[in-house]
Amino acid sequence: MSAPLQSLQEIASCVAGYDPQALPVAQAQEFIARLVPRVTTREQLPIRAALGRVLAQDIVSTINVPAHDNSAMDGYALRGFELAAEGTTRLKVAGTGLAGQNYEGEVPIGHCVRIMTGAVMPAGLDTVVPQEFTQVDGDAVLVPADIVRPGDNRRLAGEDLGLGEVALAAGRVLRPADIGMLASLGLPEVAVLRRLRVAFFSTGDELRSVGEELPTGCVYDSNRYTLWAMLQRLGVEVLDMGVVRDDPVALAEAFREAAASADAVITSGGVSVGEADHTKQVMAEMGEVLFWRIAMRPGRPMAIGRIAANGDASHQAILFGLPGNPVAVMVTFYAFVREALLAMSGATSSPLPLLRVPCLSAMRKKPGRTEYQRGILSRRHDGHWQVAVTGAQGSGILRSMSEANCLVVLQHDQGHVMAGDLVEVLSFDGLV
Ligand SMILES: Nc1nc2c(c(=O)[nH]1)N[C@H]1C(S)=C(S)[C@@H](COP(=O)(O)OP(=O)(O)OC[C@H]3O[C@@H](n4cnc5c(N)ncnc54)[C@H](O)[C@@H]3O)O[C@H]1N2
Ligand code: MOO
C-alpha cells in the first residue's frame with residue numbers, strides 16, 4: 001500500500017459541500033474515494049485461479065487471433081469476383097480444406113474449394129458460400145446469384161484480437177470470458193494484484209453468537225454473518241474477529257489486532273449517541289477517525305478513518321464503522337464499502353446500473369436525504385418490469401432485506417412518490 005498523503009481534514013476540504021453532521025451520500029462517496037489507497041503487490045497465478053481477481057497489468061496480444069483468415073461456415077470457398085450477377089455460377093471443386101490444416105494447392109480460376117468451419121482460407125479465395133445454398137453437379141457446384149457477397153463468411157486474421165492490441169486492461173476484475181481470452185492468447189499464467197484483507201467484528205454487550213444461550217434483552221449477532229457473506233461475494237480475504245465486548249481495553253486490543261493484519265477494518269454498532277458505547281471513544285483514540293451523520297435512511301451514523309497498527313504509522317488500515325442496525329449495515333456496505341473495497345483491491349469499477357421502473361406503492365419522501373427502500377422487482381404479464389416495496393421498512397427488520405431482490409433508491413433531491421411513478425432500482429442480481 002502506498003503511504004497516505006493527505007490528512008482527513010485535507011481530504012474533507014476537497015469535497016464540495018462537506019458537512020460531517022449532514023453529509024449527502026454523493027459527498028460521502030467522494031470523500032471515501034479520495035481516502036482509500038490501492039494495493040500494488042502482485043502475484044502470478046494459473047489463469048483458472050485468476051477468476052474474479054484484479055489484473056495487475058495490461059495484457060497485450062503477442063499473436064493475431066485468429067492467426068489466419070478462415071471460414072465461418074461449412075461450404076465452398078471461392079473468389080467473390082467470379083460470382084455472376086444473375087443466374088447461377090458453376091465452379092469446379094479443386095479439393096477440400098479441413099480445420100487444422102493448411103490448404104496448399106493452387107486454385108485455378110473457375111474453381112472453388114470444399115471448406116469446413118475454421119479451416120484456413122486457401123490463397124486467393126475470399127468468400128464462402130454455405131453448402132445448403134449450393135447444388136452439387138458432378139465435380140462442380142452450382143451457386144445461385146444473390147446468395148453471398150464477396151467477402152461473406154470469411155473471418156479475418158486478427159479480427160478477435162490483433163497483434164499488439166491491449167486485450168485486457170490492468171484493473172479489470174477477470175470474468176469467465178476474460179479467462180477464455182487469456183487462453184486464446186496461449187497464456188498459462190497471469191499477474192494479478194494480491195487479495196485485499198478485510199477484518200471485521202461486531203460490538204455490543206447485548207450480542208450473543210449462534211449456539212449460545214439467549215438471555216433476556218440479548219439478540220443473536222447477525223451482522224457478522226451478513227458482512228461475512230457480502231465480503232465473500234466480493235472476493236476479498238476475510239478475518240472474522242467475533243463479537244467484542246463494549247469495554248475500552250477489549251475494543252482497543254481488537255482494533256490493534258485488526259489493523260495489524262488487514263487493509264480494512266469493518267465494525268458494526270456503537271457509532272450513534274448511546275451511553276454504553278465506548279466504541280466511538282476507542283476509535284477516536286486509535287487513529288484519525290471522523291464521525292458522520294449521513295443524509296440517508298437507513299444508515300445515518302457512520303465512522304470513517306484510518307487506524308494504525310501498534311503505533312506503526314507506515315501501516316494504517318481504513319476503518320468503516322457501520323451502524324449497528326442490521327439493514328443499515330447492508331445498505332451502508334452497498335452504498336459505500338463495496339465500491340471502496342473494490343478500489344482498494346485495484347479494480348477499475350464502474351457505478352452499478354440503476355433501472356428505472358414504475359413503482360406500485362406510493363411513498364412519502366423528504367427531499368434532502370437518500371432513501372433505500374427494500375423492493376421486489378417483478379415482471380408483469382405484458383413483459384414490463386415493476387417494483388413493490390417489501391412490508392415494514394425499519395432498519396432493524398432484516399427480513400425486509402431477505403425478502404427483497406432490489407433496493408429502491410430515492411435520490412437526495414427527490415420528493416414524494418405516487419403509485420405508478422418511475423423510480424430507480426438497484427437490482428441485487430450481480431451486485432457483488
Ligand atoms: N438518539 C439517537 N438515537 C439513535 C440515532 C440517533 O441519531 N439519535 N440513530 C439511530 C440510528 S439511525 C441507528 S442506525 C442506530 C445506530 O446505532 P449504533 O451504531 O450505535 O448501533 P447500536 O446501538 O450498537 O445498535 C443498534 C441496534 O442494532 C442492533 N445490533 C447491533 N449490532 C448487531 C449485530 N451484530 N447483530 C444484530 N443486531 C445488532 C442492536 O441490538 C440495536 O438494536 O442508532 C439509532 N439511535
Ligand atoms: O441509520 Mo439507522 O440505520 O437507520 O436505524
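**Exercise 1.** Which residues in H2 meet which residues in H7? Describe how the two helices pack.

*Solution.* The structure is a predicted model.

Step 1. List the contacts. From H2, the residues Val25, Ala28, Gln29, Ile32 and Ala33 take part, and they meet Ala335, Phe336, Ala340 and Ala343 of H7.

Step 2. Sort these residues by class. The contact of H2 with H7 consists of 8 nonpolar residues and 1 polar residue, with no charged residue.

Step 3. State the geometry. Two packed helices are described by the angle between their axes and the distance between the axes. For helix H2 (residues 25–35) and H7, the angle is about 25° and the axes are 10 Å apart.

Step 4. Name the arrangement. Angles under 35 degrees count as roughly parallel, so H2 is roughly parallel to H7. The crossing in which H2 passes H7 is right-handed.

**Exercise 2.** Determine how helix H5 is oriented to helix H6, and identify the residues in contact.

*Solution.*

Step 1. Locate the helices. H5 covers residues 248–261, and H6 covers residues 279–286.

Step 2. Read the geometry. Their axes come within 10 Å and cross at roughly 45°. This angle makes H5 oblique to H6. H5 passes H6 in a right-handed crossing.

Step 3. List the contacts. Thr279, Val282 and Met286 in H6 are met by Pro248, Leu251, Ala252 and Phe255 in H5. By class, the contact of H5 with H6 has 6 nonpolar residues, 1 polar residue and no charged residue.

**Exercise 3.** Describe the surroundings of ligand 1 and of ligand 2.

*Solution.*

Step 1. Begin with ligand 1. It is surrounded by 26 residues, and the closest are Asn223, Gly269, Ser272, Pro323 and Gly324. Helix H4 (223–234) and helix H7 (326–344) are the elements that each give two or more residues to this shell.

Step 2. Sort the shell around ligand 1 by class. There are 8 nonpolar, 13 polar and 5 charged residues.

Step 3. Turn to ligand 2. Its shell consists of Arg297, Pro298, Gly299, Arg300, Pro323, Asn325, Ala328 and Ser395. These residues divide into 3 nonpolar, 3 polar and 2 charged.

Step 4. Compare the two lists. Pro323 is among the closest residues to ligand 1, and Pro323 also belongs to the shell around ligand 2.

**Exercise 4.** Into which domains is the protein divided?

*Solution.*

Step 1. Give the bounds. Domain 1 spans 8–41 + 195–344, domain 2 spans 46–59 + 163–193, domain 3 spans 70–155, and domain 4 spans 355–427.

Step 2. Add a distance. The C-alpha centres of domain 2 and domain 4 are 37 Å apart.

How values were computed. Residues are numbered from 1 along each chain as its sequence is written. Chains are lettered from A and ligands numbered from 1 in the order in which they are written. This is a predicted model: local features need pLDDT of at least 70, side-chain atom pairs count only at pLDDT 80 or more; totals for chains, interfaces and linings use all residues. A residue is near a molecule or strand if its C-beta atom, placed from the backbone, lies within 6 Å of it. Helices (H or I, at least four residues) and strands (E, at least two) are DSSP runs, numbered from the N terminus. Ala, Val, Leu, Ile, Met, Phe, Trp, Tyr, Cys and Pro count as nonpolar, Asp, Glu, Lys and Arg as charged, and the others, Gly among them, as polar. Axes are lines fitted to C-alpha atoms, for helices over the stretch in contact, and angles run from 0 to 180 degrees between N-to-C directions. Angles under 35 degrees count as roughly parallel, over 145 as roughly antiparallel, 65 to 115 as roughly perpendicular and the rest as oblique. A crossing is left-handed if the near helix is turned anticlockwise from the far one by less than a right angle, and right-handed if clockwise. Two residues are in contact if their C-beta atoms, placed from the backbone, lie within 7 Å. Domain bounds come from an automatic or database domain assignment.
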